[in-house]
Amino acid sequence: MNGILLTSKSVTYAQQMKKTLEQNGFWAEIVRPDTELTKGSCAYAVNISQKFLPEVLDILRLNRLLPVRVILIEGKKLYRELRI
């Protein structure tokens, strides 16, 4: 899987991010990231396209829905946390 994961602390928060993004014309999917990405916590994430990251973060900021972490995924097991 390639893309960006926007992690959240709850499924409700992830659902709010997904709904907000879709209302603004962006594709988003709720996923359960690997525990190695969430440092063992029971987290949810919203998967988005990497090319729309700046616009997505602007929309989430305007709606006060910032993710806990932003993780770049390249391939099956290559993860990199991005600073926002």
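This chain has two helices and five strands, where helices (H or I, at least four residues) and strands (E, at least two) are DSSP runs numbered from the N terminus. Followed along the sequence, these elements come in the pattern β-α-β-β-α-β-β. Please keep in mind that this is a predicted model, in which local features need pLDDT of at least 70 and side-chain atom pairs count only at pLDDT 80 or more, while totals for chains, interfaces and linings use all residues. Residues are numbered from 1 along each chain as its sequence is written, and side-chain values use heavy atoms, with hydrogens and water left out.

Let us take the chain as a whole before going into its parts. Of its 84 residues, 39% are buried; buried means under 20% relative accessible area, exposed means over 50%, and partly exposed lies in between, with a 1.4 Å probe and protein chains only. The chain exposes about 5,300 Å², and carbon and sulfur atoms supply 51% of that area. Accessible areas here come from the Shrake-Rupley method with a 1.4 Å probe, and for residues only the protein chains shown count as cover. As for contacts (heavy atoms within 4.5 Å), residues 24 or more positions apart account for 63% of those with a separation of 6 or more.

Now to the strands. β1 (3-8) is a good place to start, since it pairs with both β3 and β4. Two strands count as paired if DSSP finds at least two bridges between them. Five bridges join β1 to β3, and the two run antiparallel; within this pairing, T7 stands opposite A45. Four bridges join β1 to β4, again antiparallel, and here L6 has V70 as its bridge partner. β3 also pairs with β2 (residues 29-31), through three bridges and in antiparallel fashion. In that pairing, V31 has A45 as its bridge partner. Both β3 and β4 are mostly covered: four of the five residues of β3 are buried, and so are four of the five in β4.

The helices come next. α1 has 13 residues, which at 1.5 Å a residue should span 18 Å, and its end C-alpha atoms are indeed 18 Å apart; the expected span is 1.5 Å times one less than the number of residues. A14, M17, T20 and L21 are the buried residues of α1. Seen down the helix axis, they fall within an arc of 130°, so they line one face of α1; the arc is that of the directions from the helix axis to the C-beta atoms. What covers these buried residues includes β1, β2, β3 and α2. On the other side of α1, K19 and Q23 are exposed. K19 has a relative accessible area of 53%, and its C-alpha atom lies 9.8 Å from that of E29, ten residues away in sequence. Just after α1, G25 takes a positive phi of about 90°.

α2 can be read in a similar way. Its buried residues are L53, V56, L57, I59 and L60. They cover an arc of only 160° around the axis, which puts them on the same side of α2. The face turned away from this buried side carries the exposed residues P54 and L62. Beyond the helix, R64 is found in the loop between α2 and β4. Its phi is near 55°, a positive value in a residue other than glycine, and at 75% relative accessibility R64 counts as exposed.

Finally, we come to the interior. In soluble globular proteins, nonpolar side chains tend to be buried together. A nonpolar core is a set of buried Ala, Val, Leu, Ile, Met, Phe, Trp, Tyr and Cys residues joined through side-chain atoms within 4.5 Å. The largest one here has 17 residues, and those with the most contacts inside it are L6, L21, V46 and I48. The elements that give it two or more residues are β1 (3-8), α1 (11-23), β3 (44-48), α2 (53-62) and β4 (70-74), and α2 gives the most, with five. I48 is a helpful residue to select in the viewer: leaving aside its neighbours within four places in sequence, I48 is in contact with G3, I4, L6, L21, W27, A28, L53 and V56. There is also a second, separate core of five residues, which includes L5, A45, I71 and I73.
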